[in-house]
Amino acid sequence: MPAADRTTEDAPATEPATEPVTEPARADGGPHMVDVRGLHKSFGARHVLRGVDLRVRPGEVAVLLGPSGSGKSTLLRSINHLEKVDRGRVRVDGELIGYRQVGPARLRELSEREILRQRTRIGFVFQDFNLFPHLTALENIVEAPVSAQRRPRAEAERLARALLDRVGLGDRGDSYPRQLSGGQQQRVAIARALALEPKLVLFDEPTSALDPESVGEVLDVMRSLAAGGTTMLVVTHEIGFAREVADTVIFMDDGRIVEQGPPASVLDAPREERTRAFLRKVL
C-alpha cells in the first residue's frame, strides 16, 4: 500500500507537520498527561506490544512492573517516539506524539524538528545514564537547554547548578562522568532530564545497573520528584519503591497490560494469577 494511503491501522506515513492534535478533555477539564490507545509494535516476527492502553494523570506516579521482555521499555520508548509504533496513538498533555492527523483515520509523521520539540517536553532517564563522557556534569545538563531551547548559556548554567543542588551534587559540577560513581552519574542524568522543564519524566530501570547504596541515592531523588508533583512513568523492579511512591502500579506480560491499580491492590491482593506468580518470584 502506498505510504500516502496508509491509515492508522497501518504503519503511519511520513510527512512533515507542525500542528498539534489535541485530545478531548476529561470530565475535570483537562487532558490526561499520558494517553496511549491501542499500541502495537513488532520487531520482525516478535510482537512486543499487543494493543496497549494506558492513561496517566497529571502529577501521578505510575510504575510499570513485569518480567524481562514484557514490553515495558518499548512502551516507554514509544511514548517519546524513540520507537515508531506500528498501530495506535500516543498523546502527552493532549498532543499527538510523532504524528499529525490528516484525516479521520490517517496519520503522517512529523518532521524531525517537530519530534525533537516534542521530546523537550518529555524527560527520559535511561538505565545506562547516557552522559556525554567529554563534558562535565554541569556541561551535560547545560547542553540541552542551550541547543534545544536556545536559552542563554548563563541562564542554563544557573539552572544546571540549581538542579545539581537538588539532586545532592552541588559540589560535583566540574566532575566528568568517569570521576563519578554510578549513582552520581544517574543523578546527573535525572538533573539533565529536568533541565528542559518537561511535562513528564520517563524512567527506564534507572537503578538496575547500580550498587545497593547508589540505588538508595537515586530512589531518594525520585521520591523527592514525586513529592513535588512531577508526573512520572517508571519501569523498575524496585517493589518497595512502587509500594511507597506509586499512585498506580501496572503489571505487563507478553506485550499486554495484565493488571493495574493502586499499589495495595496490585501488590498485596492481585486479581490475576500471572501477577501473583510474578510477585512470588520477586518478593
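**Open sheet.** I started with the sheet in this predicted model. I find 4 strands in an open sheet, ordered β3-β2-β5-β6, with antiparallel pairing. At the edges sit β3 (46-56) and β6 (95-96), each of which pairs on one side only. Then I looked at how β2 meets β3: 8 bridges join β2 (residues 34-43) to that strand, and the two run antiparallel. For a register check I picked Ser 42, which stands opposite His 47 in β3. A reminder to myself before I look at side chains here: in a regular strand they alternate between the two faces of the sheet.

**Hairpin further along.** Next I went to β12 (residues 248-253) and β13 (residues 256-261). They run antiparallel and are joined by 5 bridges. Met 252 is the residue facing Ile 257 of β13. What is the phi of Asp 254 in this hairpin? I get a positive value, near 55 degrees, in a hairpin with 2 residues between the strands.

**Whole chain.** I stepped back for the totals. I count 9 helices and 13 strands in the chain. Of its 283 residues, 53% are buried. I also looked up contact range: among contacts between residues at least 6 apart in sequence, 65% join residues at least 24 apart.

**Helix α1.** Is α1 (residues 72-79) largely enclosed or open, and why? I find 6 of its 8 residues buried, so the helix is largely enclosed by the rest of the structure. My list of the buried ones reads Lys 72, Thr 74, Leu 75, Leu 76, Ser 78 and Ile 79. I noted that a lysine, Lys 72, is on that list. After α1 comes His 81, with a positive phi near 70 degrees.

**Cavity.** I searched the whole structure for cavities of 30 Å³ or more and got 1. The volume of the largest cavity is about 40 Å³. Its lining brings back residues I had already written down, Ser 78 and His 81, along with Val 85, Gly 88, Arg 89, Val 90, Ile 97 and Tyr 99. Strand β5 (residues 87-92) gives the largest share of that lining, 3 residues. I had met β5 earlier as a member of the open sheet.

**Cores.** Which residues have the most contacts inside the largest nonpolar core? They are Ile 190, Phe 203 and Met 222, in a core of 48 residues. Helix α6 (residues 212-227) supplies the largest share, 7 residues. Both domain 1 (34-121 + 198-280) and domain 2 (131-197) give residues to this core, so I place it between them. I followed Ile 190 outwards: leaving aside residues up to four places away in sequence, it touches Val 125, Phe 203, Val 218, Val 221, Met 222 and Leu 225. There is also a second, separate core of 29 residues, which includes Leu 39, Val 90, Val 92 and Val 235. Val 90 is on the cavity lining too.

**Largest pocket.** Last entry. I get about 770 Å³ of space in the largest pocket. It has 25 lining residues, and the closest to its centre are Leu 116, Arg 119, Ala 144, Ala 148 and Leu 196. The elements giving two or more residues to the lining are α2 (112-119), β9 (122-125), α3 (137-149) and α5 (182-194).

Technical notes
Residues numbered from 1 in each chain as written. Predicted model: local features only at pLDDT ≥ 70, side-chain atom pairs only at ≥ 80, totals over all residues. Heavy atoms only, no water. Pairing = 2+ DSSP bridges. Core = buried A, V, L, I, M, F, W, Y, C linked by side-chain atoms within 4.5 Å. Buried < 20%, exposed > 50% of the residue type's maximum accessible area, 1.4 Å probe, protein only. Domains from an automatic or database assignment. Contact = heavy atoms within 4.5 Å. 1 Å grid on protein atoms, 1.4 Å probe; cavity = no way out; pocket = protein on both sides within 12 Å on 5 of 7 lines; lining within 4 Å. Points joined across faces, edges and corners; volume = space filled by probe spheres on them.
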